[in-house]
Amino acid sequence: MNALEIKSLNKSYEGFSLKDVSFEIPQGYIMGFVGENGAGKTTTIKAMLNIISKNGGNVKILGKDMDLEELDIKREIGYVSGEYFYPKKKISEITKVYKRFFDNWDETIYNKFLNDFNLNENKRIDELSKGMKMKFALSLALSHHAKLLILDEPTSGMDPVARDNLLELFQELVEDGEISILYSTHITSDLDKCADYITFIQEGRIIESCSKEDLLKKYQLFNTSRDYLYKIKENVISYKENAFGVNGLIRKEDIINNPNIEYARPKIDDVIIYFSEKRGNE
Ligand SMILES: Nc1ncnc2c1ncn2[C@@H]1O[C@H](COP(=O)(O)OP(=O)(O)OP(=O)(O)O)[C@@H](O)[C@H]1O
């Protein structure tokens, strides 16, 4: 089963639109959602959760239609964003209100996360650092046995140790195949470590949505000199020239074997950077 299925999601703002955004997450996996600033990640997440109205498209979460069973779905998902509610309230006060919405609220798990994350229930939200706010939001999301976690930049503001611990936690959470995670981030090295699937969005359009392995197999970095660029130039995604020659990205199927052109496996960042360069060249 798919934990999430988005079909032809559209949303228009003045000067920006999501263009038929479609992708799916198989149950039990972690999907990284990547793209440059302003590419449409948050808009996609908010439109799929009906936090903002969409201009078309269909969203199924855990087999249910978002437009028909929104309340049921919202009980079964955990959503974490950087946006913060009620800054003057204490952690304990917010939790008291939040947990009323969830029949399966688990106080033991909640207390365990507060303890693991070193959060003091008597602190007010405006007394927490950015990373601590994220940890509190995650504690709430994880304490009602959510089956799909939708996390908008959950590690932003976290120190490297906290981030690493969180990535381990994500991997533990999906281990038994019940929980799935959609996770938007700019820290793509985190995804190199823990994502199974990657969805890459650029200017409101999905460029790729596939397993991380398939994505990184589909493209190759190349390095050559200006003299040999003409051999592949027609087919490259984009390239950059520097004092030592030319570096760029090419689809694997467009590679030609030539002793003067070297190829290497890209990282997720390379794919994003060269697609962005391509747009700049258009
Ligand atoms: N309420 C709004 N009204 C008008 N335009 C908006 C609104 N919210 C977002 N946008 C525009 O939609 C585009 C996509 O923004 P979005 O926040 O979805 O990008 P993002 O990929 O999440 O970016 P970032 O990585 O910087 O968080 C941007 O051009 C932004 O200005």
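The following exercises, each with a worked solution, concern the predicted model shown above.

Residues are numbered from 1 along each chain as its sequence is written. Because the model is predicted, local features need pLDDT of at least 70 and side-chain atom pairs count only at pLDDT 80 or more, whereas totals for chains, interfaces and linings use all residues.

**Exercise 1. Domains**

Determine which domains the protein has, how far apart their centres lie, and which elements of domain 1 touch domain 2.

Solution. Start with the bounds, which come from an automatic or database domain assignment: domain 1 covers 2-203 and domain 2 covers 216-281. Next, take the C-alpha centres of domain 1 and domain 2, which lie 34 Å apart. The contact between them (two residues are in contact if their C-beta atoms, placed from the backbone, lie within 7 Å) takes eight residues from domain 1 and eight residues from domain 2. On the side of domain 1 that touches domain 2, the elements giving two or more residues are helix H7 (188-194) and strand S9 (197-202), where helices (H or I, at least four residues) and strands (E, at least two) are DSSP runs numbered from the N terminus. Finally, sort the residues of this side by class, with Ala, Val, Leu, Ile, Met, Phe, Trp, Tyr, Cys and Pro as nonpolar, Asp, Glu, Lys and Arg as charged, and the others, Gly among them, as polar; the result is four nonpolar, two polar and two charged residues.

**Exercise 2. Helix H1 and the ligand**

Find the buried residues of helix H1, explain why they line one face, and describe the shell around the ligand.

Solution. A residue is buried if 20 or more other C-beta atoms lie within 10 Å of its own, exposed if 12 or fewer, and partly exposed in between, with C-beta atoms placed from the backbone. In helix H1, residues 41-48, the buried residues are Lys41, Thr43, Thr44, Ala47 and Met48. Viewed down the axis of H1, these residues fall within an arc of 165 degrees (taken over the directions from the helix axis to the C-beta atoms), so they line one face of the helix. An α-helix has 3.6 residues a turn, so residues three or four places apart point the same way. The cover over the buried residues of H1 includes strand S1 (2-13), strand S2 (16-26), strand S3 (30-34), strand S4 (56-61), strand S8 (180-184) and S9.

For the shell, a residue is near a molecule or strand if its C-beta atom, placed from the backbone, lies within 6 Å of it. Around the ligand one then finds Tyr13, Phe16, Gly35, Asn37, Gly38, Ala39, Gly40, Lys41, Thr42 and Thr43. H1 supplies the largest share of this shell, three residues, and by class the shell has three nonpolar, six polar and one charged residues.

**Exercise 3. Two hairpins**

Describe the pairing of S1 with S2 and of S9 with S10, and state which turn residues have a positive phi.

Solution. Two strands pair if DSSP finds at least two bridges between them. S1 and S2 satisfy this in the antiparallel sense over eight bridges, and lysine 11 stands opposite leucine 18 in S2. Two residues lie between the strands of this hairpin, in which glycine 15 takes a positive phi near 85 degrees.

S9 and strand S10 (205-211) are likewise antiparallel, over six bridges, with glutamate 208 in S10 as the bridge partner of phenylalanine 200. Their hairpin also has two residues between the strands, and glutamate 203 in the turn has a positive phi of about 45 degrees, although glutamate 203 is not a glycine. Glutamate 203 counts as partly exposed because it has 16 C-beta neighbours inside 10 Å.

**Exercise 4. Phenylalanine 275 and arginine 265**

Is each of these residues buried or exposed, and which residues does each touch?

Solution. Phenylalanine 275 belongs to helix H10, residues 268-281, and counts as buried because it has 20 C-beta neighbours inside 10 Å. Not counting residues up to four places away in sequence, phenylalanine 275 touches Gln202, Ile207 and Ile237.

Arginine 265 lies in the loop between strand S14 (262-264) and H10, and it is exposed, with 10 other C-beta atoms within 10 Å. Under the same exclusion of residues up to four places away in sequence, arginine 265 touches Leu216 and Gln220.
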